[in-house]
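Got the viewer open? Here's a walk through the model, one selection at a time.

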Amino acid sequence: MKVLVPVKRVIDYNVKPRVKMDGTGVDLANVKMSMNPFDEIAVEEAIRLREKGAATEIVAVSVGPQKAQETLRTALAMGADRAILVMTDDEVEPLAVAKILKAIADEEAPGLVILGKQAIDDDSNQTGQMLAALLGWGQGTFASKVEVTGDAVAVTREVDGGLETVSLKLPAIVTTDLRLNEPRYASLPNIMKAKSKPLLQKTPADYGVETTPRLKTLKVVEPAKRSAGIKVAGVDELVAKLKALGVAA
Amino acid sequence: MSVLVWVEHEAGAVKDATLSTVTAASQLGDVHLLVAGAGVGSVAEAAAKIAGVAKVVVLDDAAFEHALPENVAPAIVAMMADHDAFVAPATSNGKNIAPRVAALLDVMQISDILSVEGPDTFTRPIYAGNAIATVQSADSKKVITVRGTAFEKAAREGGSGVIEAATGSDAGLSSFVGAEIAKSERPELTSAKIIVSGGRALASAEQFHEVIDPLADKLGAGVGASRAAVDAGYAPNDYQVGQTGKIVAPEVYVAVGISGAIQHLAGMKDSKTIIAINKDEDAPIFQVADIGLVGDLFKIVPELTGKL
Ligand SMILES: Cc1cc2nc3c(=O)[nH]c(=O)nc-3n(C[C@H](O)[C@H](O)[C@H](O)COP(=O)(O)OP(=O)(O)OC[C@H]3O[C@@H](n4cnc5c(N)ncnc54)[C@H](O)[C@@H]3O)c2cc1C
Ligand SMILES: Nc1ncnc2c1ncn2[C@@H]1O[C@H](COP(=O)(O)O)[C@@H](O)[C@H]1O
């Protein structure tokens, strides 16, 4: 079984995003960029499936600028077998990403597509579900456990009240939650090896997908700031404050 | 304009998340509710009483018992022939189902809206709430999820919607295997008025319970946790507050031994009053806290619990 893993290049999660003065977006110039953390978990899960013998080949895909190559090389260094870069300098919305991924899935015929549950830049949490809809496949979102048996996959999902398990017919879509696994670091020899692994370059047009945004961003502003309040000296003062708030009798 | 709203329900009752979603939807047009499940007659009746509701559409069938998106989404798409928008709370069901509906309708979903600025214009948080975008949709039909903490709750009484049955089927792609749903006497996080949250500093599941629970009991509070505490197994996953956990905005949020990483702040910084207890006076949590107390939580919290 082939596993397709879409990975997105995003602002590094340790960086505090700054809104541009002109209100057009977030300033990404000279900002550290990394693989979306949920996508690292997706790559790791695919590798574990291959280690268990459930997967045979792992194909990483990214839709984005030339620099997204670096993100794909990271996936290759972790253990993906080959990569596809769908090159575009435009911002591509989840719906269009899902359409591109559908075209790739039609060509590659994977048994599973494992995506992150959300990209930490747009926080959309949509692409996996959209891809599942376009392919007509089952979806196991927010996964904390994935088990492939025969022609089905059991996915344990993190839901509002706790955990839920669903069984999906293969092929299927999985989106990862944080506790699915802990991604490995690529070793130096593997980083070197990754440089010679195949990386195919495509464009959205190659897949016949129109990427014009449906949502127009009118402006981007900073959220209302909270200012630091007071520090109390001890528990008695805190109790008094809680009483003043009407929280304690 | 008519708007179809996903009703979040559990054990025969309409959940609060639905009520804030109704408020958001009512700013767009006539509100119709969708109740999907098995044996949901009483939910439909309760839903029909929510203020401002014109109609309740009921999908009552075993195929919908567990809100499997493979089954629910096509049924919603069929209903969208005579609705202009589908609106769901940003709950785990809403987030699971709405994008599937959007893709089937060839619509770009607007996730987690904070406000309705016009019939096609909304604000939403991006970058873990470090920026707020105003976006305008060019799609003729809208698919939207709603951040519950950003809208007032509609009243549970006062409406008299007509109840109508709809049908759908099992797509045969997925099945429900089981669930481990935590049962708690405590208020649910997303609707709790007070929340006490514990972080990595609690250092073990036992200490988390010994220190956090009595304080929460005294305050009648819900209990939350940072991701670090959840990952380490001190608290179950449904406690996680943050960018990728639950978004909460209680009257009072007490952060105990939580540093205040941006991903955690994303889930709680709209709380009315934030109280932080941390031994590091430079912890970032103090930059957003209204009331801070620097010191060892293992001393402070039991003393506080004792004095309340
Ligand atoms: C993609 C992604 C998503 C994430 N999503 C979330 C999310 O949704 N929610 C979330 O919370 N995190 C999230 N995180 C993790 C986040 O970045 C932080 O790692 C996490 O919030 C830290 O948790 P903490 O504050 O409990 O632990 P720490 O950062 O380790 O802080 C512990 C604090 O306890 C204090 N302390 C220690 N001992 C004591 C004592 N005896 N008394 C008093 N204080 C003490 C310390 O001074 C410190 O400030 C996410 C990370 C990533 C990469
Ligand atoms: N441009 C992209 N290239 C590759 N994968 C993507 C891209 N955008 C989104 N994804 C995948 O979809 C997931 C969810 O993203 P989103 O729906 O934008 O929150 C991500 O974690 C990725 O796995």
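**Stop one: the annotated domains**

Select residues 3–180 of chain B: this span is 25% helix and 38% strand, with its end C-alpha atoms 33 Å apart. Keep in mind as you click around that this is a predicted model. UniProt, in an unreviewed entry, gives residues 3–180 of chain B the label "domain: Electron transfer flavoprotein alpha/beta-subunit N-terminal".

Now jump to chain A and pick residues 23–211, where UniProt (again an unreviewed entry) puts "domain: Electron transfer flavoprotein alpha/beta-subunit N-terminal". Here you get 30% helix and 31% strand, and the C-alpha atoms at the two ends sit 23 Å apart.

**Stop two: where the chains meet**

Show both chains and colour the contact residues: 76 come from chain A and 83 from chain B. Together the two chains bury about 6700 Å², with 57% of that on carbon and sulfur atoms.

How many salt bridges cross the interface of chain A and chain B? The rule finds six. For one to zoom in on, try A:Arg179 and B:Asp231, which form a salt bridge whose closest N and O atoms are 2.7 Å apart. Switch on polar contacts as well, and the count between chain A and chain B is 47 residue pairs, both residues being at pLDDT 80 or more.

Next, hide chain B and look at the face of chain A that touches it. Elements that each supply at least two residues to this side include α3 (94–108), α4 (127–135), β7 (138–149), β8 (152–159) and α6 (235–244) of chain A. Which element gives the largest share? That's β9(A), with eight residues. Colour the side of chain A that touches chain B by class and you'll have 38 nonpolar, 17 polar and 21 charged residues.

**Stop three: a sheet built from both chains**

Bring chain B back and select β13 (230–231) of chain A. β13(A) pairs in the parallel sense, over two bridges, with strand β18 (residues 291–294) of chain B. Label the residues and you'll find A:Ile230 opposite B:Ile291, and A:Lys231 opposite B:Gly292.

From there, follow the open sheet of six strands, paired in parallel, in the order β13(A)-β18(B)-β17(B)-β16(B)-β14(B)-β15(B). Finish at the edges: β13 of chain A and β15 (222–225) of chain B each have a single partner strand, so one side of each is left without a neighbour in the sheet.

Notes
Residues numbered from 1 in each chain as written. Chains lettered and ligands numbered in written order. Predicted model: local features only at pLDDT ≥ 70, side-chain atom pairs only at ≥ 80, totals over all residues. Heavy atoms only, no water. Contact = heavy atoms within 4.5 Å. Buried area = accessible area lost by both parts, 1.4 Å probe. Salt bridge = Lys/Arg side-chain N within 4 Å of Asp/Glu carboxyl O. Polar contact = N/O pair within 3.5 Å; in protein donor to acceptor, adjacent residues only side chain to side chain. Helix = DSSP H or I, 4+ residues; strand = E, 2+ residues; numbered from the N terminus. Nonpolar A, V, L, I, M, F, W, Y, C, P; charged D, E, K, R; others polar. Pairing = 2+ DSSP bridges. UniProt positions renumbered as here; feature names shortened; annotations may be inferred.
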